[in-house]
Amino acid sequence: MRNIYGIKRKDLEEYFLSNGDKKFKALQVFEWIYEKKVTKFSEMTNIKKEIQDRLNNDFSFERIEIVKKQEDKLTKKYLFKLCDDNYIEAVLMIHDYGNSVCVSSEVGCNMGCKFCESGRLKKVRNLEAHEMVQQIMLIEADIKERVSSIVIMGIGEPLDNYGNVLDFIKIINDAKGLAIGARHITLSTCGIIPKIQELEKEEMQINLAISLHAPNNQLRNKIMPVNKAYSLDKLIPVIKEYTEKTNRRVTIEYVMLKGVNDNETQAYELAALLKGINVYVNLIPYNETSHIDFKRSTEENIIKFYDILKKQGLTVTTRKEFGGKIDAACGQLRSKEVEA
Ligand code: SAH
């Protein structure tokens, strides 16, 4: 039995057609689920009882649940319990332009980035599309407001769970699903090259962010093991090609680690690496965690780094900080819960 929150409208249309029903039934079901938010097929009053029964046999409404919330003024962090008793987390950020949610894509993560809390807990399994959709729906229900943008930057490496993440994006992007515009969806990856190339062919208007974090292979090998498989000399040309083929600017994420990747030489090196590519660089102040030795760069260093990149002609921003005090940083809440 498949979970209904993980079914794309196109697949539901095929399901109805293969059962000899009209395909517009899929549209009706979507309206019940995503607009009227019903949680039972028996409440879908414009669907015949006989079809409701069949839907009941083939699809479930099994829900994940919120088990813990931590909040400050502009951030709410949610811990969810999945149906198999695994835990994941998502973070709501309240911006002046709307509500944004950072969703998890896997239970744990295998990428092993040395500075990242999520990587300390190895991947247990992929998240199903419905488990990603439900993170958003449960948060919308909790705050009684719409969520208008999504970043896939929670626990997990989305391109290591490609099929489910793509289904998820298609469901939330569907005008009859959660209707979140593609340009309001950002997928962040540590750089799984073959999947970036696959994504390029999907011709979606979503934003792609690459976690770069180092300006050369020597350093990147040390802090991001994925670089041993997909090194910068291969990754950078793939990013360039992606920007050219999709006509979309790519975001380069660079987490500022004190004494590791934040000196002036490294800023010049990063600028040279990215020269002539349609990217913008987002400098992220590192969120320190108690288990990991890395420290956040000083504000002075971040500003220096920023200025050099600017002067070298790059577009640069520094990330506005959310949730530092409520363990909102990258896997910290789940990490506490799993260890408890
Ligand atoms: N696996 C994907 C998405 C999840 S991580 C990726 O690597 O992009 C989301 C972003 O948060 C990545 O850029 C990651 O490197 C960064 N990150 C991890 N731990 C962090 C921390 N403690 N402080 C700030 N950023 C962190």
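**A guided tour from Thr243 to the ligand**

Begin by selecting Thr243, which touches Arg248, Val250, Ile277 and Asn278, leaving aside residues up to four places away in sequence. The model on screen is predicted. Thr243 belongs to helix H9, which spans residues 232–246. Its relative accessibility is 5%, so Thr243 counts as buried, the cut-off being under 20%. Now add Lys240 to the selection and display its backbone: the backbone oxygen of Lys240 lies 2.6 Å from a polar atom of the Thr243 side chain.

Next, move to Val165, which is found in helix H5 (residues 162–173). Is Val165 buried or exposed? Its relative accessibility is 1%, and Val165 therefore counts as buried. Show the surrounding side chains: Val165 touches Ser105, Met132, Ile152, Pro158 and Leu187, again not counting residues up to four places away in sequence. Then select Glu131 and set a C-alpha to C-alpha distance to Val165; the two are 34 residues apart in sequence and 10 Å apart in space.

The third stop is the largest nonpolar core, which has 104 residues. In soluble globular proteins, nonpolar side chains tend to be buried together. Which members of this core should be selected as those that touch the most other members? They are Leu12, Ile150, Phe168 and Val281. Colour helix H4 (residues 129–143) as well, since it is helix H4 that contributes the largest share of this core, eight residues. Then centre the view on Leu12: with residues up to four places away in sequence excluded, Leu12 touches Ile4, Ile7, Ala26, Val29, Phe30 and Phe59.

Finally, select the ligand and the 17 residues around it. Among these, Gly156, Ser188, Ser211, His213 and Asn287 come nearest. By class, the shell around the ligand comprises eight nonpolar, seven polar and two charged residues.

Three side chains merit separate display here. For Glu157, an N or O atom of the side chain is 3.0 Å from a nitrogen atom of the ligand. For His213, a polar side-chain atom lies 2.6 Å from an oxygen atom of the ligand. For Glu253, a polar side-chain atom lies 3.5 Å from an oxygen atom of the ligand. How much of the ligand does the protein bury? Taken alone, the ligand exposes 530 Å², and the protein buries 96% of that. To close the tour, colour strand S10 (185–189) and strand S12 (250–256), the elements that give two or more residues to the shell around the ligand.

How values were computed. Residues numbered from 1 in each chain as written. Predicted model: local features only at pLDDT ≥ 70, side-chain atom pairs only at ≥ 80, totals over all residues. Heavy atoms only, no water. Core = buried A, V, L, I, M, F, W, Y, C linked by side-chain atoms within 4.5 Å. Buried < 20%, exposed > 50% of the residue type's maximum accessible area, 1.4 Å probe, protein only. Helix = DSSP H or I, 4+ residues; strand = E, 2+ residues; numbered from the N terminus. Contact = heavy atoms within 4.5 Å. Near = heavy atom within 4 Å. Polar contact = N/O pair within 3.5 Å; in protein donor to acceptor, adjacent residues only side chain to side chain. Areas by Shrake-Rupley, 256 points an atom, 1.4 Å probe, with all protein chains shown as cover. Nonpolar A, V, L, I, M, F, W, Y, C, P; charged D, E, K, R; others polar.
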